[in-house]
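User: Please take me through this model by asking of each label why it applies and which cut-off it rests on.

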Amino acid sequence: MAVRGGPGLLWVLWLLSVFEAVYPLNSGMLFPQESSSRELKELSGLWDFRADKSPNRKQGFEQAWYKQRLTETGPVIDMPVPASYNDITQDPTLRDFIGWVWYEREVVVPTRWIADEGTRIVLRAGSAHYYSVMWVNGVKVTEHKGGHLPFEAEIGSLLRAEPSKSCRITIAVNNTLSLETLPPGTIQHFNDPTKYPDGFFVQNIYFDFFNYAGIHRPVLLYTTPKAYVDDITVVTDFKDNTGFVKYKVSIQGATSATLKVTLIDRDGHCMASSSEPSGVLQVVDVKLWWPYLMHENPAYLYSLEVRVLVSDKGSESEDVYTLPVGIRTVSVTSSQFLINNKPFYFHGVNKHEDADIRGKGFDWPLIVKDFNLLKWLGANSFRTSHYPYAEEILQMCDRHGIVVIDECPGVGIKDIRSYGNASLTHHLYVMDELIRRDKNHPSVVMWSVANEPAAEMPPAEYYFKTLIKHTKALDSTRPVTYITDSNYARDKGAPFVDVICVNSYFSWYHDPGHLEVIPIQLNTQFENWYGKYQKPIIQSEYGADAVLGLHSDPPMMFTEEYQKAVLQSYHSVFDQKRKQYVIGELIWNFADFMTAQGITRVVGNKKGVFTRQRQPKSAAFLLKERYWRLANETGRLPVWTKYPCSL
C-alpha cells in the first residue's frame, strides 16, 4: 500500500484526491476543548444509580423513571462516573449484572449559557457500554448503539424552554450482547427448577476479558457559538524538507463566514495560513512526527488553529478550535512497514483498559503510569485490543510518539449468525464512528477491523471484503488489518488486508509445556502465511500466563521462568524473520486483567508482564532488555536514550 509518489505538484493533487472519500455521518466528533470561544463543564463525580433488577429488566421504561428524579422512583446508591459499576459495591448480583442500569445527576448550568441564544450547549458522553439512552429533564435527547465511542446531543433549546429548571441528566445503559452487537454474545436461559432459580439466565461471551459495564469515560457539557467548527480532517505528506498538510474544515450554523486557518509550530511561529475551507498548507524545513526511539526529536506536533468569524445583523461571533497535527507518512510494501519512508519495526504490547475497582473506567493516574512503563520498557507501539481506547490515550500517544494499531470492538465473531446483514451494517457504522473520531491522530498508523474472527466460515469472505473496502474508502492513507488465528489456507479475509497480524500461543494452548515445539511451529506459521499472501507479518499476540512469585526450575507452566522461556523462544525466531518480512512483535499482555470466572482463569488472565497493579514480573525485564536492544540497532538514537537506566 503506497501513498507516496511524484513531484511537488503531483503531491498536492494526490492529497486533494484523498478527500474524494466520503465520511457518511452527519456531523464531526471533534474532541471537546476549551478555547476563547468554548467552555467545558466536567460532570465527573458521584451520580445516583440503580440497576433495574425486575425480571424483564424493563421496569425503568415501563414506569418512566426518567420523568422524575430517580430518588422518587425507588432507592439509589452512589456511583462514580467514570467507572465500571461492577466492582464498586459488595453486591455480587451487581458485579455480574446483565440489563439496564440507570444513572442520574442534576447539574447547574451557567446562567450566561442559557441567556445567550447564540451559544450551543452540548451534552456528551465519552463511552458507555453498550446501548445508551439519554434524557434531559425527562426529554429524550439521544441514544447510542455500541460501547467505546462517544455520543452527544445539543440541549440548549431544551434548557431555554424552562430556564428556571435545573438540568437533570438521566442515562440508561444496557450491557446485553446479542449476535448482532459488537462484540457479539448470546443470552442463555435455564428453566429447570430443580437446578436453577426462577428467571435464571447468563450472558455468553466469546472474548477473554470481563464484560465491564457502565459509563466508562467522562460526561461533560460544552459550548460552542451558534456558528462553529464542526469537523476538521487533515492528511499529511512531505517531500525533501517541505511538509504538506491537506486540510478540510466543516462549518455548521452559518451560510457564510470568514475563515482563518493557521499552522503554528511548537514555538508559536506561524508556518503557513489560509482563508479557504480546504487546501494544502506547505511547511518549509518541516519537522516530522517520528515514533518514540526512532528519532532524536520524536512526536513533533504542530497546531492547526481554525478561526471562524460570522457577522449577523451588526454583531460578530467567533469560534476557535486548535487541532494538534503530526506530519508523517505511512506506507506498506510486501515486506516492510514504512513511517516517513523509513522501516519501522513494532516492538510493543497489547493492552486493556482495565484496573482494580474502576474496571474500564477512565483514570488519569493509571494512564500516566502505563505510559511511563511503556517508555521504560522501550516499547514503541501498542494495539488497542480489543476496542477503541479513550481519546485522551491517543492524545498521549501523539505527544509521546507511541504508535497505535487502532482496533474496533469486532472481537469474538465466532457464530455464523454474526455474519448477517444486520451485523455487517452495524460493523460498518462502528468503523465510520471510529475513523471519524481518530482520523487525525498521527500515532494511529493502521486500522484493525476485528480480532480472531471465525474467518474460515463461507460468509466471512463477503463480510470482510465489504468491511475492509469500506474502511479504505473512509481512509485511504492507512493500511487495514484484522487479527487472525485461523488456518492460513482457509482464512477468507486475509486476501483483503494490507498487513497479516497473527496470534499464536505455541507451548501454551497448543502442546502445553513443550517449549521445544516453538521454533518449529512458529517458523512454519510465518512461512505458510508469507508464502501464500506475500504480505508483511506482525506477531500480534504471543505469551504465557505467569503468577507473580511462582517459580520453578526446570520451568513449569504458570511460573515466571516458563513465561520468560516462552518469550525467549519466540524472540529467537523473530530475530531470524524480522530481517525478511516480519515487521513487529506485540506481547500479550502488558498487564494482567480481569476475565469472567472459569476453570482456566484464576482471578483473571495472568499473561501480563506486569501485574494488574503494574508491578513487573521477570518477563518485564527480559522484554525491556530486548526492546532497548532493538531500538539501539536503528542507530538513530541520541546518546542519552541508549541507556534506559537514565530515564
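**Labels and their grounds**

Analyst: His148 lies in the loop between β8 (139-145) and β9 (151-154), where strands (E, at least two residues) and helices (H or I, at least four) are DSSP runs numbered from the N terminus. This is a predicted model, in which local features need pLDDT of at least 70 and side-chain atom pairs count only at pLDDT 80 or more, while totals for chains, interfaces and linings use all residues. Residues are numbered from 1 along each chain as its sequence is written, and side-chain values use heavy atoms, with hydrogens and water left out.

User: Why does His148 count as buried?

Analyst: Buried means under 20% relative accessible area, exposed over 50%, and partly exposed in between (1.4 Å probe, protein chains only). The relative accessibility of His148 is 2%, so this residue counts as buried.

User: What is the phi of His148, and what is that of Asp285?

Analyst: Most residues other than glycine have a negative phi, and most peptide bonds are trans. His148, which is not a glycine, has a positive phi of about 75°. Asp285, in the loop between β19 (278-284) and β20 (302-312), is likewise a residue other than glycine with a positive phi, near 55°.

User: Which omega goes with calling the peptide bond from Leu182 to Pro183 cis, and which with the bond from Ser385 to His386?

Analyst: For the bond from Leu182 to Pro183, which is cis, omega is near -5°; Pro183 is found in the loop between β10 (167-174) and β11. The bond from Ser385 to His386 is also cis, with omega near -5°, and His386 belongs to the loop between β26 and α7.

User: What makes helix α7 (residues 391-400) largely enclosed by the rest of the structure?

Analyst: Seven of its 10 residues are buried, so α7 is largely enclosed. The buried residues are Glu391, Glu392, Ile393, Leu394, Met396, Cys397 and Asp398. Their cover, judged by contact (heavy atoms within 4.5 Å), includes β5 (119-125), α6, β26 (381-383), β27 (403-407), α8 (421-438) and β28 (444-451). Just after α7, Gly401 takes a positive phi of about 80°.

User: Which residues of the largest nonpolar core touch the most other members?

Analyst: A nonpolar core is a set of buried Ala, Val, Leu, Ile, Met, Phe, Trp, Tyr and Cys residues joined through side-chain atoms within 4.5 Å. Of the 91 residues in the largest such core, Phe371, Phe382 and Phe464 touch the most other members. Helix α12 (residues 618-632) gives the largest share of this core, eight residues. A second, separate core of 48 residues includes Leu304, Val310, Tyr321 and Val499. Leaving aside residues up to four places away in sequence, Phe371 touches Phe382, Ile393, Met396, Cys397, His400 and Ile402.

User: How many cavities of 30 Å³ or more does the structure hold, and what lines the largest pocket?

Analyst: On a 1 Å grid over the protein atoms alone, a cavity is a set of points where a 1.4 Å probe fits but cannot get out, whereas a pocket is an open set with protein on both sides within 12 Å along at least five of seven lines; lining residues have an atom within 4 Å of a point. The structure holds four cavities of 30 Å³ or more, and the largest of them has about 150 Å³ of space. Its lining has 17 residues, with Glu353, Leu366, Ile367, Asp370 and Ile393 closest to the centre; helix α6 (residues 364-377) supplies the largest share, four residues. The largest pocket has a volume of about 1,100 Å³, volume being the space filled by probe spheres set on the grid points, which are joined across faces, edges and corners. It is lined by 38 residues, of which Asp96, Phe97, Ile98, Phe201 and Gln203 lie nearest its centre, and β12 gives the largest share of the lining, four residues.

User: Why is one side of β22 (330-332) and of β24 (342-343) left without a neighbour in the sheet?

Analyst: Two strands pair if DSSP finds at least two bridges between them. β22 and β23 (residues 337-339) have three bridges in the antiparallel sense, with Ile339 in β23 as the bridge partner of Val330. The three strands form an open antiparallel sheet in the order β22-β23-β24. β22 and β24 stand at its edges with a single partner strand each, so one side of each has no neighbour in the sheet.
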